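Thank you for letting me take a few minutes of the meeting. Please have the sequence and the structure open as I talk, and stop me whenever a residue is hard to find.

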Amino acid sequence: MHLESFRQHPDQRGGTGGEDVGDILRAKRYFPFAALLLANFMEVLNAMFVNVSMPVVARDLHASSHITHWFYSSYALGFALTLVLTGPMADRVGHRRVFLAGAALYVGASLSCAMSGGIMAFLLSRLAQGAAFALTAPQIMGLLHILYAPHDRVRLLPALGFASASAGTFGPVVAGLLISGNFADLGWRVVFMVGAMIGVTALLLGYWLLPRDTHRPQDGRHEDQGFLYRPMPLVIAVGAIMAMFEWLGRDTAGFHPWMMALAALPFVALWRIRRGTFSLRRPWDARPDPAALSQLATGAMLTICFSASSNSLIIIINHILQNGRGHSPYVSGAIQIPYGMGVFLSILFFGRFLLKKDGRFVIAAGAALLGLAAPLIMWAGQNPHWPVWALLPILVLAGMGVGMTSGCIGPASMARIAPAHAGASAAALRLGQQIGLALGGALIMRPYFYLSQQPVAGTGPPSYLLVLLFVLATAVMLAASFPRPLFPPRA
């Protein structure tokens, strides 16, 4: 598929163009969107599969509580380090090539997870899975930004929401059935084999449907070499921060005050970018519109908050249901169906109709809603006198909060970014997501796993819950600083 018409009419590649969805479909531009939908579905499904299977994997591979959080942190580390190196690559060598490389790596990494015989082999395979999604995930938002105008991206938001909600709703159930059924005596390993099969489908669809010429031609050898070596200091910084989290928390119940200082570093850097006091020379060929860069930096900070809170919450829910209450993986997955329904409904109604009018209110209200639901879920889940069915409405509430925040933040953050910088901008948001995963693993999940094994619970709110609520309160304040309106007016 070629994009000659996009070169002739640059305003249709994002910016302020205003095509109708019917025009998009009549031009058969929905074909690449189908591949992006599957990639989005695959990413969420992988997370749901892993969340449900991790308690079983930990028992089978004899993982201690001190290493359990690395099931998630190793993925986040692989994603973050690879994304720093390859984020702008799609803008230069082609989004399709990078997407296909990531899909192929994901298939291999999933099979490696399924065949792992020890904890270290499994963690290395999870590291490779993170690297794979670092190649594919940014292309979803990047290609949407290139192929569709801002208001069209909002119209297509329910389709992406449906893909995410379907994976979030049925993924845990399918994973629970596969594990409980113990097909061919494979246990949890069959879950990763199914993930590999879905990865093969995404690889084939990406090869057939994604356009080949969405990237910018390289201007010379010097610029290409600069693109390769300039990210290395950031790679070292990301790795050092995660290693510092591991060292500081090993003997102090998984929490140390210095962790809060380290957690502030990404926010300080992004705040400087937002205020225009930090220079970005690569991958930008020319400095973008300050308003666009400020909006993107705010979105990256929000992504860190939402990723740290929502992912930690859903992992804690699975651990409470399976290890705390003794439910099977199938029951644990089925109970989360209302969560996925809440995600989809909130994207459909709030994201589809209100994001263009007052996106600040939608995102801030979603963070507040999640902050209300999180302590209720933890309290009800850990209270043996509270019936399991009573969790269902609270999970709907939490899902609505996630849909209003994580489900809408991509289009809201990139609304003013030029299409030539779509790949690098989408990668910046994804990097914020993985930094959030790492921070959530260190500041929320690790203290939870430690305290869950203590014979006597402490008095007062646990530290991990206080951190989670603080992160969500920060998100509310950041969302209130978004511009109004979020999207530029139609040309």
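**A walk from one buried residue outwards**

I would like to begin with Gln-129, which counts as buried because its relative accessibility is 0%, and I should say at once that what you see is a predicted model. Gln-129 sits in helix H8, which covers residues 119–147. If we set aside residues up to four places away in sequence, Gln-129 touches Asn-46, Tyr-75, Tyr-106, Ala-109, Ser-110, Cys-113 and Phe-192.

Let us follow one of those contacts, Ser-110, which belongs to helix H7, residues 95–114. Is Ser-110 buried or exposed? Ser-110 is buried, since its relative accessible area is 1%, and the cut-off for that word is under 20%. Leaving out residues up to four places away in sequence once more, Ser-110 touches Gln-129, Phe-192, Gly-195 and Ala-196.

Now let me step back to the whole protein, which has 21 helices and 0 strands. Of its 491 residues, 58% count as buried. Among the contacts between residues at least 6 apart in sequence, 85% join residues at least 24 apart.

Next comes the nonpolar interior. The largest nonpolar core has 103 residues, and Phe-71, Phe-122 and Leu-302 are the ones with the most contacts inside it. A second, separate core has 25 residues, including Leu-100, Ile-146, Tyr-148 and Leu-296.

Leu-302 deserves a closer look, and if we ignore its neighbours within four places in sequence, Leu-302 is in contact with Ile-363, Ile-409, Ala-475, Leu-478, Ala-479 and Phe-482.

That brings me to a pair of helices, H15, residues 290–324, and H19, residues 391–413, whose axes come within 10 Å and cross at roughly 155°. How do H15 and H19 run, roughly parallel or roughly antiparallel to each other? Angles over 145 degrees count as roughly antiparallel, and H15 and H19 are therefore roughly antiparallel to each other. The crossing in which H15 passes H19 is left-handed. On the H15 side, the residues making the contact include Leu-296, Leu-302 and Phe-306, while on the H19 side they include Leu-395, Val-402 and Ile-409. Which kinds of residue make up the contact of H15 with H19? They divide into 12 nonpolar, 7 polar and no charged.

To close, let me return to where we started, with Gln-129 at 0% relative accessibility and Ser-110 at a relative accessible area of 1%, two buried residues that touch each other.

Conventions
Residues are numbered from 1 along each chain as its sequence is written. This is a predicted model: local features need pLDDT of at least 70, side-chain atom pairs count only at pLDDT 80 or more; totals for chains, interfaces and linings use all residues. Side-chain values use heavy atoms; hydrogens and water are left out. A nonpolar core is a set of buried Ala, Val, Leu, Ile, Met, Phe, Trp, Tyr and Cys residues joined through side-chain atoms within 4.5 Å. Buried means under 20% relative accessible area, exposed over 50%, partly exposed in between (1.4 Å probe, protein chains only). Contact means heavy atoms within 4.5 Å. Axes are lines fitted to C-alpha atoms, for helices over the stretch in contact, and angles run from 0 to 180 degrees between N-to-C directions. Helices (H or I, at least four residues) and strands (E, at least two) are DSSP runs, numbered from the N terminus. Angles under 35 degrees count as roughly parallel, over 145 as roughly antiparallel, 65 to 115 as roughly perpendicular and the rest as oblique. A crossing is left-handed if the near helix is turned anticlockwise from the far one by less than a right angle, and right-handed if clockwise. Ala, Val, Leu, Ile, Met, Phe, Trp, Tyr, Cys and Pro count as nonpolar, Asp, Glu, Lys and Arg as charged, and the others, Gly among them, as polar.
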